[in-house]
Amino acid sequence: MSILFTGRATGAAAKKISLLRRFIMFWLNHARQAVASLGELWRTPSASILTIAVLGVSLTLPATLHLLVKNMQQISSSFTQAAEISLYIREQTPANQVQSLVAILQADRDVAEVIFVSKQQAMTEFQQISGFGAALNYLESNPLPDLIRVLPKNTAPQAAETLLQRLSSERIVDFAKLDIDWLTRLNAIVSMLQQAVAIIALLLLSAVLLIVGNTIRLSIMNKKDEIEVMKLVGATDAFIQRPFLYTGVWFGIFGGLLAFLVVELMLWWLQGAISNVTALYKSDFSLMAMSFQEFIGLLLIAVLLGLAGSYLSVRRHISAIEPTGP
């Protein structure tokens with residue numbers, strides 16, 4: 001029996017892959033490795049959950065301190081009236097001179113608002129709030145001076161002090177008053193907290209890098225034999241490193257989400273206690289939660305930390321693994 005071969009033999013032909021197809025294949029390969037690295041986390045739940053929990057808690061503290069500073073800045077900005085300057089007018093100053101000073105102040109570029117309170121208005125208000133009532137009618141003369149209340153455009157303590165010194169030199173002003181020492185102390189406390197948050201965040205974020213890097217290192221050591229085989233068949237270091245890098249990204253995503261949930265839970269728990277306090281002082285203050293931009297920023301920082309920690313680990317340990325001979 002014989003077999004007849006017909007036709008013409010053909011050799012291997014090279015076919016050029018289009019740029020679009022190469023682009024699609026590149027991202028499909030990355031997506032496949034990202035999903036595979038997520039599966040690795042699922043196959044080692046105890047170690048993965050522990051790493052994510054530590055990462056999330058480490059991010060929770062700086063995020064909480066950031067919100068604390070943010071709310072303190074809200075309190076500080078709500079007391080802009082504390083920078084109000086009170087100008088007490090000299091006795092027996094003509095009304096036209098007082099009105100002229102009011103007009104000058106209203107045109108001043110450093111002044112946001114001017115309120116004139118005559119001595120008669122001041123006496124009426126004092127009768128209402130002092131409890132003396134009609135007893136004040138027996139006074140021979142009104143001892144209260146005319147008052148001009150000035151609200152600066154720039155309510156920062158230093159700017160308000162500069163405006164106070166300038167207005168104190170007015171000829172008809174007896175003396176001027178600006179009580180913002182406590183506001184200066186509050187701003188100093190807020191500034192100190194901001195620096196403390198930066199230092200604590202730096203320390204904790206460094207700890208996150210070490211935690212992620214150590215977790216990835218242990219994963220690399222567990223797969224040392226597999227990595228050696230992959231290098232024997234020609235896999236590049238970049239190809240081998242990619243799943244570990246995606247593992248660090250997943251750690252960052254889940255750790256950032258955990259930190260966000262913990263912070264929101266803490267704010268929800270504190271909101272009830274703060275509502276009771278603000279009700280006693282008849283205040284409408286409420287805690288400012290994390291905004292969407294801050295949430296995205298927290299998630300981005302967590303992802304970058306996870307990626308950086310895994311990158312530092314894989315670059316050092318994978319390149320050190322070389323296949324051994326038989």
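Helices here are DSSP runs of H or I with at least four residues, and strands are DSSP runs of E with at least two, both numbered from the N terminus. The model shown in every view is predicted.

**Figure 1. Overview of the protein chain.** By that definition, the secondary structure of the protein chain comes to 9 helices and 4 strands. Along the sequence these elements follow the pattern α-α-β-α-β-α-β-α-β-α-α-α-α. The chain has 326 residues, and 32% of them count as buried. Where contacting residues of the chain are at least 6 apart in sequence, 83% of the contacts join residues at least 24 apart. The chain exposes about 21400 Å², with carbon and sulfur atoms supplying 64% of that area.

**Figure 2. Helix α1.** Helix α1 covers residues 19-43. Its 25 residues, at 1.5 Å a residue, should span 36 Å, and the end C-alpha atoms are 36 Å apart, so the expected span and the model agree. The buried residues of α1 are N29, H30, Q33, A34, S37, G39 and L41.

**Figure 3. Strand β3 and its two partners.** Strand β3 runs over residues 147-152 and is mostly covered, with 5 of its 6 residues buried. Strand β1 (residues 85-89) pairs with β3 in the antiparallel sense over 4 bridges. Within this pairing, I85 has V150 of β3 as its bridge partner. Strand β2 (residues 111-117) also pairs with β3 in the antiparallel sense, here over 6 bridges. E113 stands opposite L151 of β3.

**Figure 4. Loop residues Q92 and D110.** Q92 sits in the loop between β1 and α3 (95-106). Its phi is positive, about 60°, although Q92 is not a glycine. Q92 has a relative accessible area of 76% and therefore counts as exposed, the cut-off being over 50%. D110 belongs to the loop between α3 and β2. Its relative accessibility of 35% makes D110 partly exposed, because the value falls between the 20% and 50% limits. Apart from neighbours within four places in sequence, D110 is in contact with P152, K153, L163 and R166. V150 is 40 residues from D110 in sequence, and the two C-alpha atoms are 10.0 Å apart.

**Figure 5. A176 in strand β4.** A176 is part of strand β4, residues 173-177. The C-alpha atoms of A176 and L87 are 4.6 Å apart, although the two residues are 89 positions apart in sequence. Not counting residues up to four places away in sequence, A176 touches I85, S86, L87, L164 and S168.

**Figure 6. The largest nonpolar core, and a second one.** The largest nonpolar core has 27 residues, of which I220 and F244 touch the most other members. Helices α2 (45-77), α6 (181-222), α8 (237-280) and α9 (292-317) each supply at least two residues of this core. Helix α8 gives the most to this core, with 7 residues. Leaving aside neighbours within four places in sequence, I220 is in contact with I227, F244, S313, V314, H317, I318 and I321. A second core, separate from the largest one, has 18 residues, including I85, L87, L105 and A160.

**Figure 7. L186 in helix α6.** L186 lies in helix α6. Because its relative accessibility is 17%, under the 20% limit, L186 counts as buried. Its C-alpha atom is separated by 8.6 Å from that of M72, and the two residues are 114 positions apart along the chain.

**Figure 8. Spans annotated as transmembrane.** An unreviewed UniProt entry places the feature "transmembrane region" at residues 192-213, 249-270 and 290-312. In the model, residues 249-270 are 100% helix and 0% strand, and the end C-alpha atoms of this span are 32 Å apart. Residues 290-312 are 91% helix and 0% strand, with end C-alpha atoms 31 Å apart.

Notes: Residues are numbered from 1 along each chain as its sequence is written. This is a predicted model: local features need pLDDT of at least 70, side-chain atom pairs count only at pLDDT 80 or more; totals for chains, interfaces and linings use all residues. Side-chain values use heavy atoms; hydrogens and water are left out. A nonpolar core is a set of buried Ala, Val, Leu, Ile, Met, Phe, Trp, Tyr and Cys residues joined through side-chain atoms within 4.5 Å. Buried means under 20% relative accessible area, exposed over 50%, partly exposed in between (1.4 Å probe, protein chains only). Contact means heavy atoms within 4.5 Å. UniProt positions are given in the numbering used here, feature names are shortened, and annotations may be inferred rather than shown by experiment. Two strands pair if DSSP finds at least two bridges between them. The expected span of a helix is 1.5 Å times one less than its number of residues. Accessible areas come from the Shrake-Rupley method with a 1.4 Å probe; for residues, only the protein chains shown count as cover.
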